[in-house]
Amino acid sequence: MTAGPRPSLAVVGATGAVGTVMRELLSTRQDVWGEIRLIASARSAGRLLPVRGVETEVVALDEAAFDGIDVALFDVPDDVAAHWAPIAAAKGVVVIDNSGAFRMDDEVPLVVPELNAHAVRMRPRGIVANPNCTTLSMIVAMGALHAEFGLTELIVASYQAASGAGQAGIDALREQLAKVAGTEAGTQAGDLRRAVGDFGPFPAPLALNVVPWAGSLTSDGWSSEELKVRDESRKILGLPQLRVTATCVRVPVVTGHSLAVHARFENEVTVAHAHEILSAAPGVVVADSPGDGEFPTPADVVGTDPTWVGRVRRSMDDPCALELFVCGDNLRKGAALNAAQIAEVVAAEFVAPRT
């Protein structure tokens with residue numbers, strides 16, 4: 001009985017913000033890959049980028065780029081993924097897509113390995129979807145609590161970092177902060193807007209401000225980001241009727257999404273029992289001693305892999321409900337790490353022992 005050869009991996013969008021984190025992760029996680037190929041737009045072709053300690057040349061995105069590839073991680077915009085992922089899959093490549101192009105496709109599993117790794121094998125289109133970074137910032141913790149108490153409702157308010165809007169969001173926030181540093185912008189109505197000038201990808205100034213909007217407008221005034229939280233939570237947890245309400249807010253933080261969560265369950269909950277469940281859950285860290293100033297903030301969790309949970313309280317008026325605050329690095333577990341974990345589940349299929 002022998003193991004099969006190690007599979008080859010392509011990182012599509014290797015030069016972007018998530019692709020950069022992905023390359024770092026591949027250099028630090030367990031080495032399960034043979035060749036790692038870096039793919040990006042034609043303008044980035046020929047660049048040398050480090051991966052696993054080796055300077056690797058970036059190749060242009062075209063059909064030939066997938067020749068000899070077993071698994072491809074897509075870290076590209078929705079329209080690029082919608083076009084190229086099926087092309088790669090048709091060549092026999094297993095695609096793990098980090099965009100929103102396929103998340104709600106009934107023939108594409110939406111996977112968080114800590115919760116539903118088994119779903120990876122059910123991929124009739126050859127594509128596995130990675131959830132949105134906001135959903136991923138809370139869903140591992142909520143999945144652990146659901147398994148114990150039976151989740152029935154989520155009411156969440158997100159506090160989303162600028163990097164959730166990509167490199168353009170990071171650049172815009174930094175430029176805005178530089179413009180308002182040392183000024184009194186924001187002390188009078190309209191001052192901040194005039195001082196900032198260009199809002200970048202945001203509908204209002206983000207520096208010295210919060211913006212209660214992320215995504216695009218959908219029906220009845222909901223943003224696309226808010227609907228993602230609802231629809232993806234339902235699909236991942238296998239709860240199609242789960243009641244979910246979300247308000248998504250952009251905050252002047254470079255990296256790290258946070259959510260204030262009201263979670264209601266079928267059964268009565270206690271803080272002690274919730275702490276016990278969360279502390280034992282893979283991919284979750286509990287930091288919850290507010291009297292000692294211990295609770296998660298984006299500044300504390302940036303660059304880390306787990307979901308961090310704090311401020312756990314039983315609802316004032318409902319013994320079946322908890323209030324909690326969760327934080328996660330939206331570029332790691334919220335994007336690159338979860339996709340890398342999915343890819344490792346797929347890689348295990350290639351190296352399974354052969355008789």
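How many nonpolar, polar and charged residues are there in the lining of the largest pocket? Keep that in mind as you load the structure, which is a predicted model.

**Stop 1: the largest pocket**

Start by selecting Val18, Val76, Pro77, Gly164 and Gly166, the lining residues that lie nearest the centre of the largest pocket. Centre your view on them and you're looking into about 1100 Å³ of space. The full lining runs to 43 residues, and here's the reply to the opening question: 17 are nonpolar, 19 polar and 7 charged.

Now colour four helices: α1 (17-28), α2 (78-90), α7 (224-237) and α10 (332-350). Each of them gives at least two residues to the pocket lining. Keep α1 and α10 switched on for the next stop.

**Stop 2: α1 against α10**

Turn the model until you can see these two helices cross. Their axes come within 9 Å, at an angle of roughly 50°, so α1 counts as oblique to α10. The crossing of this pair is right-handed.

Show side chains to see who's touching whom. From α1, pick Val18, Val21, Met22, Glu24 and Leu25. From α10, pick Arg332, Ala335, Ala336, Leu337, Ala339 and Ala340. That contact between α1 and α10 has 9 nonpolar residues, no polar ones and 2 charged. You've met Val18 already, as one of the residues nearest the centre of the largest pocket.

**Stop 3: α4 against α10**

Leave α10 on and add α4, residues 133-149. How do the axes of α4 and α10 cross? They come within 8 Å at roughly 85°, which means α4 is roughly perpendicular to α10.

For the contact, select Cys133, Leu136 and Val140 on α4, then Lys333, Gly334, Ala335 and Asn338 on α10. The tally here is 4 nonpolar, 2 polar and 1 charged. Ala335 is worth a label: this residue of α10 takes part in the contact with α4 and also in the one with α1.

**Stop 4: α4 against α8**

Hide α10, keep α4 and bring up α8, residues 271-280. The α4 and α8 axes are 9 Å apart and the helices pack at about 120°, so α4 is oblique to α8. Look for a right-handed crossing as α4 passes α8.

On the α4 side, the contact residues are Ala141, Ala144, Leu145, Glu148 and Phe149. On the α8 side, select His273, Ala274, Ile277 and Leu278. By class, the α4 and α8 contact comes to 7 nonpolar, 1 polar and 1 charged.

**Stop 5: the cavity**

Next, go looking for enclosed space. The structure has 1 cavity of 30 Å³ or more, and the largest cavity has a volume of about 40 Å³. To find the largest cavity, select Leu26, Arg29, Gln30, Asp31, Val32, Trp33, Ile36, Arg52 and Glu344, which line it. What mix of classes does that lining have? Click through the selection and you'll count 4 nonpolar, 1 polar and 4 charged residues. Leu26 sits within the α1 range and Glu344 within the α10 range, so to speak a familiar pair of helices.

**Stop 6: Asp191**

Finish with a single residue. Zoom to Asp191, in helix α6 (residues 191-196). Leaving aside residues up to four places away in sequence, Asp191 touches Glu184, Ala185 and Gly186. For a last distance check, draw a line between the C-alpha atoms of Asp191 and Val180: they are 11 residues apart along the chain, and the separation should read 10.0 Å.

How values were computed
Residues are numbered from 1 along each chain as its sequence is written. This is a predicted model: local features need pLDDT of at least 70, side-chain atom pairs count only at pLDDT 80 or more; totals for chains, interfaces and linings use all residues. Side-chain values use heavy atoms; hydrogens and water are left out. On a 1 Å grid over the protein atoms alone, a cavity is a set of points where a 1.4 Å probe fits but cannot get out, and a pocket is an open set with protein on both sides within 12 Å along at least five of seven lines; lining residues have an atom within 4 Å of a point. Grid points are joined across faces, edges and corners, and a volume is the space filled by probe spheres set on the points. Ala, Val, Leu, Ile, Met, Phe, Trp, Tyr, Cys and Pro count as nonpolar, Asp, Glu, Lys and Arg as charged, and the others, Gly among them, as polar. Axes are lines fitted to C-alpha atoms, for helices over the stretch in contact, and angles run from 0 to 180 degrees between N-to-C directions. Angles under 35 degrees count as roughly parallel, over 145 as roughly antiparallel, 65 to 115 as roughly perpendicular and the rest as oblique. A crossing is left-handed if the near helix is turned anticlockwise from the far one by less than a right angle, and right-handed if clockwise. Contact means heavy atoms within 4.5 Å.
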